[in-house]
Amino acid sequence: MNILTFDIEEWFHILDNASTRTEADWGQYESRIYQNMDRIFQLLDDTKSRATFFCLGWVADKHPDVIRRIDAAGYEIATHSYAHQLAYEQTPAEFQTDLERSIKHLQDLTGKKVRSYRAPGFSIKEYNRWVFPILLEQGIDIDCSVFSARRSHGGDASLNMFEPGYLNVGGTLLKEFPINTAAVFGQDLIFSGGGYFRLFPYKVIKGFMRRSDYVMTYFHPRDFDAGQPMIPGLSRARQFKSYYGLENCLPKLKKLLLEFPFVDLSEADRQVDWTSVVKRDV
């Protein structure tokens, strides 16, 4: 099972960076979302692919026609929060308000229920699992935030989830589609999205794909924009992670979509035998 997803945000929605931290900071940057979305739509048309779009409520608020275009094309819309803040830096009340706001904007535009969520930066750690009951309270029944490996903005290795399963939230079950990894010399490597996908050569990614029974991808409009300006204030390591491989990402992904079958999240949900999956207490 290979799942294709996109996190719909602007090119300047870089986490944990002083010049791009809040909505007030974003006004200094030009919008590039239209040209970047054009690339994604053309890619999906060319490869006849279906995908799920995890959209910011902020994008729905500022650029509602982007969300309407996704919906009109028949693609599934999920939420990626409203203001793209790290979940573990929010209080439960702040997180709930942000989530409610995002769901309202998306549902008002499409008239369709939002049932799936992904945290910005996969920012769920062991100490902020209070996110999960809030998701259920807000009508979310599928989460795609679990990242069972170490990373800069999150990761909860203790959950040890690398394929679809249930999170048992006080007796209520939340469906989880986590990020997958590939084991190389005893290390869990991520290859299926963002900077990881841009870093690895195509032959390496293809090899990982062949060895994987389950792959959850995640791409951003900025991943295909080689002409975007450099965000000020980034360290050299962050510059490398954010800008390396932009020029080759789109043709690399197109080749992957033509060689391997992909489905959107709704179809993946239908294909999973939920009676036999692992359950993790949270």
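User: How should I read the cysteines here, and how far is the sulfur of Cys 55 from the closest cysteine sulfur?

Analyst: A disulfide is taken to be a pair of cysteine sulfur atoms within 2.5 Å. In this predicted model, where local features need pLDDT of at least 70, side-chain atom pairs count only at pLDDT 80 or more, and totals for chains, interfaces and linings use all residues, the sulfur of Cys 55 is 13 Å from the closest cysteine sulfur, that of Cys 144, which is too far for a bond. Residues are numbered from 1 along each chain as its sequence is written, and side-chain values use heavy atoms, with hydrogens and water left out. Cys 249 is in no disulfide either, its nearest cysteine sulfur being that of Cys 55, 18 Å away. A search of the whole structure finds zero disulfides.

User: Are Cys 55 and Cys 249 buried or exposed?

Analyst: The general scale is relative accessible area, computed with a 1.4 Å probe on protein chains only: under 20% is buried, over 50% is exposed, and the range in between is partly exposed. Cys 55 has a value of 0% and is therefore buried, and Cys 249, with 0%, is buried too.

User: How is a nonpolar core defined, and which residues have the most contacts inside the largest one?

Analyst: A nonpolar core is a set of buried Ala, Val, Leu, Ile, Met, Phe, Trp, Tyr and Cys residues joined through side-chain atoms within 4.5 Å. The largest such core has 69 residues, and those with the most contacts inside it are Phe 6, Ile 8, Phe 53 and Ile 70. Helix 2 gives the most to this core, with six residues; helices (H or I, at least four residues) and strands (E, at least two) are DSSP runs numbered from the N terminus. A second, separate core of 21 residues has among its members Ile 3, Ala 78, Phe 122 and Cys 144.

User: What does Phe 53 touch, and what does Leu 44 touch?

Analyst: Contact means heavy atoms within 4.5 Å. Once neighbours within four places in sequence are left aside, Phe 53 is in contact with residues including Phe 6, Ile 8, Met 37, Leu 44, Ile 70 and Tyr 75. Leu 44, which is found in helix 2, is buried at a relative accessible area of 1%, and with residues up to four places away not counted, Leu 44 touches Leu 4, Phe 6, Ser 49, Ala 51, Phe 53 and Tyr 75. Leu 44 and Leu 257 are 213 residues apart in sequence, yet their C-alpha atoms are 8.9 Å apart in space.

User: How are aromatic pairs recognised, and how many does the count give?

Analyst: Rings of Phe, Tyr and Trp (for Trp, its six-membered ring) pair if their centres lie within 6.5 Å, and planes under 30 degrees apart count as stacked, over 60 as edge-to-face and the rest as tilted. By this rule there are 24 aromatic pairs. The rings of Phe 6 and Phe 219 have centres 6.2 Å apart and planes at 45°, so this pair is tilted. The pair links distant parts of the chain, with Phe 6 in strand 2 and Phe 219 in the loop between strand 11 (215–216) and helix 9 (236–243), 213 residues apart. Both Phe 6 and Phe 219 are buried, and ring pairs join them to Phe 41, Phe 53, Tyr 75, Phe 197 and Phe 224 in a cluster.

User: On which side of helix 4 do its buried residues lie, and what do they pack against?

Analyst: The buried residues of helix 4 (residues 64–72) are Val 66, Ile 67, Ile 70 and Asp 71. They cover an arc of only 130° around the axis, which puts them on the same side of helix 4; the arc is that of the directions from the helix axis to the C-beta atoms. Their packing partners include strand 2 (5–8), helix 2 (33–47), strand 3 (52–55) and helix 5 (92–110).

User: Which residue other than glycine in the loop between helix 2 and strand 3 has a positive phi?

Analyst: Most residues other than glycine have a negative phi. Lys 48, placed in the loop between helix 2 and strand 3, has a positive phi near 55°, and at 74% relative accessibility Lys 48 counts as exposed. Asn 160, in the loop between strand 6 (142–143) and strand 7 (165–169), also has a positive phi, near 50°, and counts as partly exposed at 43% relative accessibility.
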